[in-house]
2 protein chains.
Amino acid sequence: MNEITTPRRATVHDVARAAGVSLATVDRVLNNRPGVRPTTARKVADAVTSLGFQRDLSASLLARARDLQVRFLIPAGSNEFMDSLADAASRRIESALIERLQIAITRLPLLDARALVDSLDVLMPHQCDCAVIVGTEEPAVLASVEEATRRGVMVMTLVSDLPGSSRRHFIGIDNVAAGRTAASLMGRFCPQGGKIALVAGSMHLHDHHDRLEGFRAVAAEYPGLELLEPLEGHDEHQETQALVEQLLARHSDLGGIYNLGAGTTGLLAALRRTRRTGSLRVIAHELSDCSRAGLADGSIDVVLDQNPDGEIGAALAAVRTLALGAGTLENNEPIEIRIFLRDNLG
Amino acid sequence: MNEITTPRRATVHDVARAAGVSLATVDRVLNNRPGVRPTTARKVADAVTSLGFQRDLSASLLARARDLQVRFLIPAGSNEFMDSLADAASRRIESALIERLQIAITRLPLLDARALVDSLDVLMPHQCDCAVIVGTEEPAVLASVEEATRRGVMVMTLVSDLPGSSRRHFIGIDNVAAGRTAASLMGRFCPQGGKIALVAGSMHLHDHHDRLEGFRAVAAEYPGLELLEPLEGHDEHQETQALVEQLLARHSDLGGIYNLGAGTTGLLAALRRTRRTGSLRVIAHELSDCSRAGLADGSIDVVLDQNPDGEIGAALAAVRTLALGAGTLENNEPIEIRIFLRDNLG
DNA sequence: GCCGTCATGAGGCACGTACCTCAAATTTGA
DNA sequence: TCAAATTTGAGGTACGTGCCTCATGACGGC
């Protein structure tokens, strides 16, 4: 009958006593206020670590008498996934408020760096503690992120990272692993081998590129699989539908389709017309009304989902931690890829 | 450029003003203290709903000057999954402390109702706000849960539910859906059909029973699949290993194995000896060192996992919500089943 | 030795809620 | 109708931290 319990917590008073300084000095050190000699600051820091002091988040937020302000900058447009991200964020407005987090959401023109920069540049520390952005890797965006950080507005990246920038944190899935997983399933689905079609949005999108790379790497382990050249539907429903119809007409012996982009609506429309049940395995990305329907009626076998609710939740948790605590985030594991079949849709 | 922002929060002072009563009375109503006329209580309740008042958790916990005490009662023994549950709980001790949640863990003899009852009966409200138990459905356990609730100790069930009891919440996966998912994958893995073996711990375990039921229902949709009678390895490694070795010897044409129990170590040992790569698809439950290794070396194709970390996190969140707020938990969605292949292990 | 600058201490108020006491107002029962 | 019981109000202190002011001490250069 093993037994584990938790220790007691230290307060700022304990730290002051242990360091042999006053409360005011401890406060100055903890909140990087000026006017403390390095020697004294060190004494306080030592006391903090030796006591294992952790700031009480509740009391801290209470004392500030001010909520943490988080602003999401999310692309709009025909992209269903971005909609579900925004929906996930707005669903959490109420529950986040209980934890003293105020959420604001701005929808921006799709893939418009200028609009993103403009929205980011006007955010000031007194009205926004953290901006969470889905940004493209362009010089103007990077410069804007640096400037926001300099002003005192923390920036986090969502879905698509900006490595090398001063963004404090990235929230998103491992897209190479997603592609690998899709190939691993497809390989097992087609033990006799067969032709596999690849449908992407655009090879210029970093996440699509990663997925393709992962898929190709693992598909190579299944010698029976023959990968066709990837099609680019630019995440447009009609374009994707036309491409897939053409594809199905040309290859009567197709074994499977991996749709690594966002054009699932168009794909489904094409499949519904020329349905070849049984022989055709379909793997797509992102759970939506459309892909749910596809799973339910059997036209899609598997959906890989990057869990927008989980991403928003992770973002909010990171804001809480970073806005008050130390500089780094220990729990830096990426968002998990969710795998859905008809039978675990819930 | 759409725009969404959050409203402001009401405090107890606002409620008192709106209801036309004093702070003391509001306090009495909010914390069900005696000495309030029903008419007055109703006025306060109306003000609460009309203002959308929500108690400030931070301030509430701060004022109590006392952490929430949660005690996990988890079986010990050879069951790896229970170990990982306990590990997940102890990993959260530190981070939970920041949120004023004190975690205590008691490991109990496996499937010993007497030990569980004894541990539950000694928990008093002043030292334990909530007990989270993995309990079997036996009269003595049920009685003990009722008694704890009566004393003022909240009880939540984990992994295995006690429906009809006064437990405030259940945290676990939908095991029928897990079985269905396994069958759905197996059916796609074996497009030519084939013999499928089922390995369980015991049919008396509710979760194993549910998984089998789900698997059978969906497997029936794949006419080529021939299900063998389920074997019972009692979650013991050696017994399972012996059973599987015998099984493999008898059926040289076996197409797949679904291990819906906890004896994965034994299964793996048997597979490693008589390995038939390529033709044999294996689906197992619960991610562990052992099943990870199986995924990595290809002896297991898919692992369905009930995400112990997620379950512990959900339990803690539920405690926070229930211990302070209203009677019910809105966010009552079950834990998601995680699906792992070699390629999304992370 | 005087002034200016910097480092530190001492203390207080605030945040929103919990919980306590005591007095005043109201209702209840006989 | 009066006393007892119940309900309500008023106000305080506390929780741990943030942020503010003011006083004191230490140090430098002139």
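**Protein chains A and B with DNA strand C**

A backbone N or O atom of A:Ala63 lies 3.1 Å from a base oxygen of DNA strand C. The model is predicted, and this pair of atoms is one place to start looking at how the protein meets the DNA.

Two residues of chain B approach the phosphates through their backbones. For B:Val12, a backbone N or O atom is 2.7 Å from a phosphate oxygen of DNA strand C. For B:Asp56, a polar backbone atom and a phosphate oxygen of the strand are 3.5 Å apart. Sugar or phosphate accounts for 69% of the atoms of DNA strand C within 4 Å of the protein, and bases make up the rest.

The protein surface around DNA strand C consists of 27 residues, and those that come nearest are A:Thr25, A:Arg37, A:Thr40, B:Arg55 and B:Ala63. Sorted by class, this surface has 10 nonpolar, 9 polar and 8 charged residues. Both chains take part: helix 2 (23-30) and helix 4 (57-64) of chain A, and helix 1 (12-19) and helix 4 (57-64) of chain B, each supply at least two residues. The most comes from helix 4 of chain B, which gives 4 residues.

Away from the DNA contacts, consider the protein interior. The largest nonpolar core has 112 residues, and A:Phe72 and B:Phe72 are the ones with the most contacts inside it. Leaving aside residues up to four places away in sequence, B:Phe72 touches B:Ala89, B:Ile103, B:Ala104, B:Ile105, B:Thr106, B:Val132, B:Leu158, B:Ile312, B:Ala315 and B:Leu316. Another core lies apart from the largest one; it has 23 residues, including A:Leu254, A:Leu267, A:Cys290 and A:Val303.

A polar residue of chain B is worth following next. B:Asn344 lies in the segment after strand 13 (338-340) of chain B. Is B:Asn344 buried or exposed? Its relative accessibility is 8%, so B:Asn344 counts as buried, the cut-off for that class being under 20%.

What does the side chain of B:Asn344 reach at 3.1 Å? The partner is the backbone oxygen of B:Ile339. A polar atom of the same B:Asn344 side chain also lies 2.7 Å from the backbone nitrogen of B:Leu341. Not counting residues up to four places away in sequence, B:Asn344 touches B:Ile339 in its own chain, and A:Thr181, A:Ile337 and A:Ile339 in chain A. B:Ile339 thus appears twice around this residue, as a contact and through its backbone oxygen.

Technical notes:
Residues are numbered from 1 along each chain as its sequence is written. Chains are lettered from A and ligands numbered from 1 in the order in which they are written. This is a predicted model: local features need pLDDT of at least 70, side-chain atom pairs count only at pLDDT 80 or more; totals for chains, interfaces and linings use all residues. Side-chain values use heavy atoms; hydrogens and water are left out. Buried means under 20% relative accessible area, exposed over 50%, partly exposed in between (1.4 Å probe, protein chains only). A polar contact is a pair of N or O atoms within 3.5 Å; within protein, one must be able to donate a hydrogen and the other to accept it, and residues adjacent in sequence count only if both atoms are side-chain atoms. Contact means heavy atoms within 4.5 Å. A residue is near a molecule or strand if one of its heavy atoms lies within 4 Å of it. Ala, Val, Leu, Ile, Met, Phe, Trp, Tyr, Cys and Pro count as nonpolar, Asp, Glu, Lys and Arg as charged, and the others, Gly among them, as polar. A nonpolar core is a set of buried Ala, Val, Leu, Ile, Met, Phe, Trp, Tyr and Cys residues joined through side-chain atoms within 4.5 Å.
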